[in-house]
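Colleague: Please pick one part of this model and take me through it closely. I would like to know which strands and side chains are around it, and how you decided what counts as a contact.

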Amino acid sequence: MTGSSERMMNSETSPDLPEKIPTHIAIIMDGNGRWALSRGLPRLAGHRAGTENLRRVIEACVEFGIRYLTIYAFSTENWGRPQEEVQGLLRILEDVIDKELQELHEQGVQLHHIGRLDRLNPVLREKVIQAVEFTRENTRLVLNVAFNYGGRDEIVCAIQRIIEDGVRPDDVTDDLVNRYLFTAGVPDPDLIIRTSGELRGSNFLIWQGAYSEWYFTPTYWPDFGRDELLKAVHEFAHRERRYGGVQPANQGIAENAG
Ligand code: FPP
């Protein structure tokens with residue numbers, strides 16, 4: 001899906017929120033390793049702290065009325081990390097499902113997975129499918145967990161299925177491609193946040209993020225809590241989104257300039 005989906009909030013019900021808030025926030029949760037190393041801890045301790053923080057950020061999204069949150073939990077490139085770290089991240093996904101699913105359900109969170117499930121072991125794969133099924137009626141917040149996800153892989157996968165379905169070239173449109181992506185039915189992210197000071201997109205939502213606003217912060221992910229999220233939402237409220245067009249106030253200048 002494309003186009004603006006940001007919403008106007010009633011500032012009386014949420015006093016510290018700006019009026020314009022993003023409908024969909026996506027986050028590259030970066031800096032867990034450095035957070036751990038700076039404390040003399042193993043990298044996995046950083047991922048565990050990052051998971052704790054995820055809980056805080058989900059709660060904040062529910063509080064702020066954000067409707068979609070997409071998190072980059074494991075990329076198609078992350079398989080190249082040391083085996084111990086890869087196994088640790090797989091275990092974290094399993095732990096979250098085993099221990100947190102009920103609470104997420106009670107908060108009204110609808111869980112989705114984006115990416116490929118095929119490299120996960122059959123037990124974990126089934127747990128993910130069951131968790132998605134268990135929460136499918138929830139409507140407060142859609143949480144897209146990008147696990148074994150890559151933006152290019154997603155587009156390759158979409159092209160393969162478009163060809164398999166025998167779609168005629170003239171029928172391939174933006175809308176049609178959207179329907180073949182892992183995110184089918186989800187509005188494009190209004191705001192993409194990357195923590196830890198890195199200034200890259202890293203193969204995350206490369207189609208869907210075409211017109212997203214980006215927010216970068218040096219804060220490591222485990223320290224990016226409610227107040228940091230609120231700061232990002234305020235910054236977003238001041239951005240002017242033009243989608244390649246011109247603001248009405250500047251139209252005369254643009255026309256004169258040809
Ligand atoms: C990037 O930080 C982070 C990851 C590759 C993993 C993110 C995972 C979590 C926060 C856990 C939540 C997971 C699930 C499944 C719900 P990094 O390790 O690259 O940090 P660095 O750049 O400082 O080394």
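Modeller: What follows starts with the sheet, moves to one strand at its edge and the charged side chains there, and ends at the ligand.

This is a predicted model, in which local features need pLDDT of at least 70 and side-chain atom pairs count only at pLDDT 80 or more, while totals for chains, interfaces and linings use all residues. Residues are numbered from 1 along each chain as its sequence is written, and side-chain values use heavy atoms, with hydrogens and water left out.

The sheet is open and has six strands, paired in parallel in the order 5-6-4-3-7-8. (Strands are DSSP runs of E with at least two residues, helices are runs of H or I with at least four, and both are numbered from the N terminus; two strands pair if DSSP finds at least two bridges between them.) Strand 5 (109-114) and strand 8 (213-216) each have a single partner, so one side of each has no neighbour in the sheet. From one strand to the next, the twist averages 20°.

Away from strand 8, strand 4 (residues 68-75) and strand 6 (residues 141-149) run parallel and are joined by seven bridges. Within that pairing, Tyr 72 has Ala 146 of strand 6 as its bridge partner. Helix 3 (residues 83-106) lies across strands 4, 5 and 6 and runs at about 155° to strand 5. (Such angles, from 0 to 180 degrees, are taken between the N-to-C directions of lines fitted to C-alpha atoms, for helices over the stretch in contact.)

On the other side of the order, strand 7 (residues 191-194) is the link to strand 8. Strand 3 (residues 24-28) pairs with strand 7 in the parallel sense over four bridges, and Ile 25 has Leu 191 as its bridge partner. Strand 7 is in turn joined to strand 8 by four bridges, again parallel, with Leu 191 partnered by Glu 213. Leu 191 and Ile 193 point one way from strand 7, Ile 192 and Arg 194 point the other way, and all are buried. (Buried means under 20% relative accessible area, exposed over 50%, and partly exposed in between, with a 1.4 Å probe and protein chains only.)

Now the part to look at closely, Glu 213 in strand 8. Glu 213 counts as buried because its relative accessible area is 15%. Apart from neighbours within four places in sequence, Glu 213 is in contact (heavy atoms within 4.5 Å) with Asp 190, Leu 191, Ile 192, Phe 236, Arg 239, Glu 240 and Arg 241.

Two of these contacts are salt bridges. (A salt bridge is a side-chain nitrogen of Lys or Arg within 4 Å of a carboxyl oxygen of Asp or Glu; the count by this rule is 23.) Glu 213 and Arg 239 meet at 2.9 Å, N to O. That pair links distant parts of the chain, since Arg 239 is in the loop between helix 7 (226-237) and helix 8 (251-256), 26 residues from Glu 213. The other salt bridge, between Glu 213 and Arg 241, is at 4.0 Å, N to O. Arg 241 is in that loop between helix 7 and helix 8 too, 28 residues away, and the two C-alpha atoms are separated by 8.0 Å. Arg 241 counts as buried, because its relative accessibility is 13%. Arg 239 also forms a salt bridge with Glu 235, at 2.9 Å, N to O. Glu 235 is partly exposed, with a relative accessible area of 36%.

Another set of shared salt bridges joins Asp 30, Arg 34, Arg 194, Glu 198 and Arg 200 into one network. Of these, Arg 194 lies in strand 7 and is buried at 5% relative accessibility. The side chain of Arg 194 makes a polar contact of 2.8 Å with that of Ser 202. (A polar contact is a pair of N or O atoms within 3.5 Å; within protein, one must be able to donate a hydrogen and the other to accept it, and residues adjacent in sequence count only if both atoms are side-chain atoms.) Residues touched by Arg 194 include Tyr 215 and Phe 216.

Arg 34 leads on to the ligand. A polar backbone atom of Arg 34 is 2.7 Å from a ligand oxygen, and a polar side-chain atom of Arg 43 is 2.9 Å from one. In total, 19 residues surround the ligand, the closest being Gly 33, Arg 34, Arg 43, His 47 and Arg 81. (Here a residue counts if one of its heavy atoms lies within 4 Å.)
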